[in-house]
Amino acid sequence: MAKIKIHLPDNSIREFDQEPTILEVALNIGARLAKDTVGAFINDEKEIQDFRQKLKDGSRIKIVTLNSIEGREVIRHSAAHVMAQAVQELWPDIKVTIGPVIDNGFYYDFDTPRPFTPDVLEKIEKQMQEVINRDLEIVREEWTSEKAIALFTKMGEKFKVEIIRDLNVPSVSLYRQGDWLDLCRGPHLQKTSQIKAFKILSIASAYWRGDEKRESLQRVYATAFESKPELERHLHNLEEAKKRDHRKLGKELGLIFFHPFSPGGAFFTGKGTIIFNQLQNYMRELYKEYGYQEVITPQLFDVEMYHCSGHYDNYRDNMYFTETDKGQHSFKPMNCPGHCLLYASDLHSYRELPIRFADFGRLHRAERSGTLHGLTRVRSLTQDDAHIFCTMLQLQSEIKSFMQFLTRVYETLGMNKYTVYLSTRPPKRLGSDDVWDKAEDALTEALKALNIPYTVNPGDGAFYGPKLDIMFTDALDRPWQLGTLQLDFNLPERFELKYIGDDNKEHRPVILHRAILGTLERFIGVFLEHTAGKLPTWLAPIQIQILNLTDRQKDYCEMLVKSFRANNIRVHFDDRVEKLGFKIREGQLQKIPYLVIVGEKEVETKTISVRLLGGEQKNALDLNQFINTLNSEIGGRLNKSPLAELKQEVSH
RNA sequence: GCCCAUGUGGCUUAGUGGUAGAGCACACCCUUGGUAAGGGUGAGAUCGUGAGUUCGAUUCUCACCAUGGGCUCCA
């Protein structure tokens, strides 16, 4: 009889008399490996398979062990089962539903007659530990769907019954640990004691199958890792995220404010507005370089325009309308229709294209009340929005230019980790395949030409065109969608936009919707969290705070203030009669990049002493030199203070 | 929008069926001090809004408003 051959990653081959399970292959390699085996990837597939799975002849496998990052998924799968078991041991009347693995952990949804309270979490956690300590073997069983339905019906687990019915397959897998069992596809660990580190995080409510008309369930969020240090690191990140929350920072640093009279409407204080304007000015500067013209378009439009653009039909739920004796109007939720009107106001030759309209117009979107969230989800917003009207032939160079523009901005801002997603044609779409081919090719070619790695999201494009989404990964590894570029064949059609080609005939231009920072409100929120509020000097509302030791240095300090102001540096003089330590503490908490400290020594030597946000000190600096250094830092929009590198010439 | 939780001086918060205490911030006074909080005094709150229960509500009930967490990720 022919042997079954299994291929390993190092290209070696193991032979078996009959189809082995993943675990048997591991055992064949070594006992220790077998002990830690939790599953495997088969034939480069993306999903981990259960170690109990039998392997066909010729399979190529990559074993996943308990201590690997890939193994987390299996640990979390089993931890979810342990949670469900613990809950049902504590409260037998609670019904289980589903418990999937998510990005940084897992959750389990329960149908309970009593909503969970925070103290319940502790109980569940304790009980889970007990289940784990029992060191239960996890066993996989194959049942016919019919038998499984009978079993779960008898147990009163109506959600499981519903799942099996909907699956509509002849047989299902059940996993048993001790006297508890659950319907599950797997994969799972060998035994419960392999869960070494877990933590229950929070409770929330959710609906069965995400449908608000169905049962409301209690969801318990938790996480599990292969080791205690890894879990600790994750918990630390969560803590850090809380500290960096832009709503908290925005309040502490006096940047933003919200009032119940305008939910989703951010107020920017004087300080916050400086950040906003600095970002806007930066984009404006680059617009000149990249050939954009900034335009201003109206806030309020006759609804007729939105019938024309299609927003009335497709976006009206998110729009604000106003009905007066002058007719029905709407606040613009997007700039594009206005830009189309502007474009159409004149006859254009192909020689003029591409035409790039940039617009910082304020937009209003009626986001659902439950989705509002600080600056990252607002109803009144501003984007670094622009629309490029161009020919199909110009697409590629425009996309290239956009990506170069974006890369430059992100790098300047110290946002070095981001991923580009290319979303291609959805099933329901507008325009011919020929046009889609060209558009998708243009996007792909531009990315390739610039050597930008990207991931394809097949079928995820807008109905009017394919798009690029730029996901920024912040300092705590959280992804945020900021920049975007969307091709649009629809609006040019609806607004009957045209240009005269070199054949003296009318042609349709293509529109590129694009933003680099995206929504400025949202961007500022994300950026505050990314930097933990330690803004680069060019963005800092107060760049220098002068601290005097005593009243006797006041005149000298006033002189410094004038010098800094004359150099366009944002300075504040803290002249309160307080101890130096007190003033320094406040300056540090306010995350002011430079604290200039002035005592008798400085006055006498006509120098300044500077304390950087990191705590480093530079004493006896020459004022003009310092201003020059600062100007180069601010003008160059540097992320790091050149002063930190500066060798100290004189010391006290 | 829906579910759950929360809402007490500017901020962070304690607390109670008999109308509230603290810390920070603020004002004034003392202190003029060299790298993350010096001391004292004082002012400041109809306890989110409205209604109900009660002799009496900030506290209990209901409604509303806002905020927070969650609502795609397939057993």
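**Exercise 1: a proline in a loop**

Between which helix and which strand is the loop where P354 lies?

*Solution.* The model is predicted, so local features need pLDDT of at least 70, side-chain atom pairs count only at pLDDT 80 or more, and totals for chains, interfaces and linings use all residues. Residues are numbered from 1 along each chain as its sequence is written, chains are lettered from A and ligands numbered from 1 in the order in which they are written, and side-chain values use heavy atoms, with hydrogens and water left out.

Step 1. Helices (H or I, at least four residues) and strands (E, at least two) are DSSP runs, numbered from the N terminus.
Step 2. P354 lies in the loop between α12 (336–344) and β20 (355–359).
Step 3. Now look at the peptide bond from L353 to P354: this bond is cis, with omega near -5 degrees.

**Exercise 2: the partners of β3**

Find the strands that pair with β3, and say how β3 sits in the structure.

*Solution.* Step 1. Recall that strands of a sheet pair through backbone hydrogen bonds, either parallel or antiparallel. Two strands count as paired if DSSP finds at least two bridges between them.
Step 2. Strand β5 (residues 61–65) runs antiparallel to β3, joined to it by five bridges. One of the matches is T37 with T65 in β5.
Step 3. With strand β4 (residues 49–50), β3 has two bridges, again in the antiparallel sense. Here G39 has D50 as its bridge partner.
Step 4. The hairpin of β3 and β4 has six residues between the strands, and N43 takes a positive phi near 50 degrees there.
Step 5. Buried means under 20% relative accessible area, exposed over 50%, and partly exposed in between (1.4 Å probe, protein chains only). Six of the six residues of β3 (residues 37–42) are buried, so the strand is largely enclosed by the rest of the structure.

**Exercise 3: a three-stranded sheet**

Work out the strand order of the open sheet that contains β10, and name its edges.

*Solution.* Step 1. The order is β9-β10-β11, with antiparallel pairing.
Step 2. β9 (138–144) and β11 (180–183) are the edge strands, each pairing on one side only.
Step 3. Between β9 and strand β10 (residues 171–177) there are seven bridges; E142, for example, is matched with S173 in β10.

**Exercise 4: the length of a helix**

Compare the span of helix α13 with the expected value.

*Solution.* Step 1. The expected span is 1.5 Å times one less than the number of residues.
Step 2. α13 (residues 395–412) has 18 residues and reaches 26 Å from its first C-alpha to its last, close to the 26 Å expected.
Step 3. Its buried residues include L395, F402 and Y410.
Step 4. After α13 comes G414, with a positive phi near 75 degrees.

**Exercise 5: two positive phi values**

Are E496 and A532 buried or exposed?

*Solution.* Step 1. Phi of E496 is near 50 degrees, a positive value in a residue other than glycine. E496 sits in the loop between α15 (490–494) and β27 (499–500).
Step 2. Its relative accessibility is 56%, so E496 counts as exposed.
Step 3. A532, also a residue other than glycine, has a positive phi near 55 degrees. Its loop runs between α16 (520–531) and β30 (544–548).
Step 4. A532 has 12% relative accessibility, so it counts as buried.
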